[in-house]
Amino acid sequence: MADENNLAFACVLCNRYKGSDVASIDPLSGRAIPLFNPRTEKWQHYFRLVGPVIEPLTEVGWVTTRILRINAAERVIERQVLQSLARYPLGWP
Ligand SMILES: [Zn+2]
């Protein structure tokens with residue numbers, strides 16, 4: 001049986017791109033960088049929303065946006081449409 005404390009909300013695309021990964025190699029340093037953990041970390045410490053783009057603020061944010069393809073063109077366009085309908089925040093924090 002699943003432990004509820006081990007669950008986190010995720011959209012199907014992020015969940016699919018993440019798979020079982022918990023870290024990614026930084027191509028510049030060659031170091032393993034952990035992915036953002038929504039169960040233990042605060043989103044606003046790692047990312048900010050600028051228009052429809054989710055900008056990373058840290059190495060963790062950077063590898064997470066890359067692995068999850070958070071700013072793929074179709075996903076940015078989807079956010080723009082949702083923002084135009086007031087169904088997505090315009091900026092954060
Ligand atoms: Zn997502």
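# Worked exercises on a predicted 93-residue chain

Thr 40 is situated in the loop that connects β2 (32-34) with β3 (47-50). The structure is a predicted model, and the exercises below proceed from this loop to the fold, the sheet, the core and the helices.

## Exercise 1. Environment of two loop residues

Determine whether Thr 40 is buried or exposed, and do likewise for Leu 57.

*Solution.*

Step 1. Within 10 Å of Thr 40 there are 7 other C-beta atoms. A residue counts as exposed when this number is 12 or fewer, so Thr 40 is exposed.

Step 2. Thr 40 can also be located relative to Pro 56: the two are 16 residues apart in sequence, and their C-alpha atoms are 17 Å apart in space.

Step 3. Leu 57 belongs to the loop between β4 and α2. It has 12 C-beta neighbours inside 10 Å and therefore counts as exposed.

Step 4. Leaving aside residues up to four places away in sequence, Leu 57 touches Tyr 46, Phe 47 and Arg 48. Between Leu 57 and Pro 38, which are 19 residues apart along the chain, the C-alpha separation is 15 Å.

## Exercise 2. Overall description of the fold

State the secondary structure content of the chain, the order of its elements and the span of its C-alpha trace.

*Solution.*

Step 1. The chain contains three helices and five strands.

Step 2. Along the sequence these elements follow the pattern α-β-β-β-β-α-α-β.

Step 3. The C-alpha trace spans about 40 × 35 × 25 Å along its principal axes.

Step 4. Of the 93 residues, 14% count as buried. Among contacts between residues at least 6 apart in sequence, 51% join residues at least 24 apart.

## Exercise 3. Strand order and pairing

Establish the order of the strands in the open sheet of three strands, and identify which of them are edge strands.

*Solution.*

Step 1. The order in the sheet is β4-β3-β5, and the pairing is antiparallel. The edge strands are β4 (53-56) and β5 (91-92), each of which pairs on one side only.

Step 2. In general, strands of a sheet pair through backbone hydrogen bonds, in a parallel or an antiparallel sense.

Step 3. Four bridges connect β3 and β4 in the antiparallel sense. Val 50 has Val 53 of β4 as its bridge partner, and Phe 47 stands opposite Pro 56 in β4.

Step 4. The connection between β3 and β4 is a hairpin with two residues between the strands. In its turn, Gly 51 has a positive phi of about 60 degrees.

Step 5. On the β5 side, two bridges join β3 to β5, again antiparallel. Here Leu 49 stands opposite Trp 92 in β5.

## Exercise 4. The nonpolar core and helix α2

List the residues of the largest nonpolar core, and state which elements the buried residues of α2 pack against.

*Solution.*

Step 1. The largest nonpolar core has nine residues: Leu 35, Phe 36, Tyr 46, Phe 47, Ile 54, Val 60, Val 63, Leu 68 and Ile 70. In soluble globular proteins, nonpolar side chains tend to be buried together.

Step 2. Within helix α2 (residues 59-67), the buried residues are Val 60, Gly 61, Val 63, Thr 64 and Thr 65. They pack against β1 (23-25), β2, β3 and β4.

Step 3. Val 60 serves as an example. Apart from residues up to four places away in sequence, Val 60 touches Ile 33, Pro 34, Phe 36 and Tyr 46.

## Exercise 5. Helix α3 and positive phi values

Compare the span of α3 with its expected value, and characterise the residues with positive phi that follow α2 and α3.

*Solution.*

Step 1. Helix α3 (residues 73-84) has twelve residues. From its first C-alpha to its last it reaches 17 Å, close to the 16 Å expected at 1.5 Å a residue.

Step 2. After α2 comes Arg 69, with a positive phi near 50 degrees, in a residue other than glycine. Arg 69 lies in the loop between α2 and α3. It is partly exposed, because 14 other C-beta atoms lie within 10 Å.

Step 3. Just after α3, Ala 86 adopts a positive phi of about 60 degrees, and it too is a residue other than glycine. Ala 86 lies in the loop between α3 and β5. With 8 other C-beta atoms within 10 Å, Ala 86 is exposed.

Terms used:
Residues numbered from 1 in each chain as written. Predicted model: local features only at pLDDT ≥ 70, side-chain atom pairs only at ≥ 80, totals over all residues. Buried ≥ 20, exposed ≤ 12 C-beta atoms within 10 Å, placed from the backbone. Contact = placed C-beta atoms within 7 Å. Pairing = 2+ DSSP bridges. Core = buried A, V, L, I, M, F, W, Y, C linked by C-beta atoms within 7 Å. Expected span 1.5 Å × (residues − 1).
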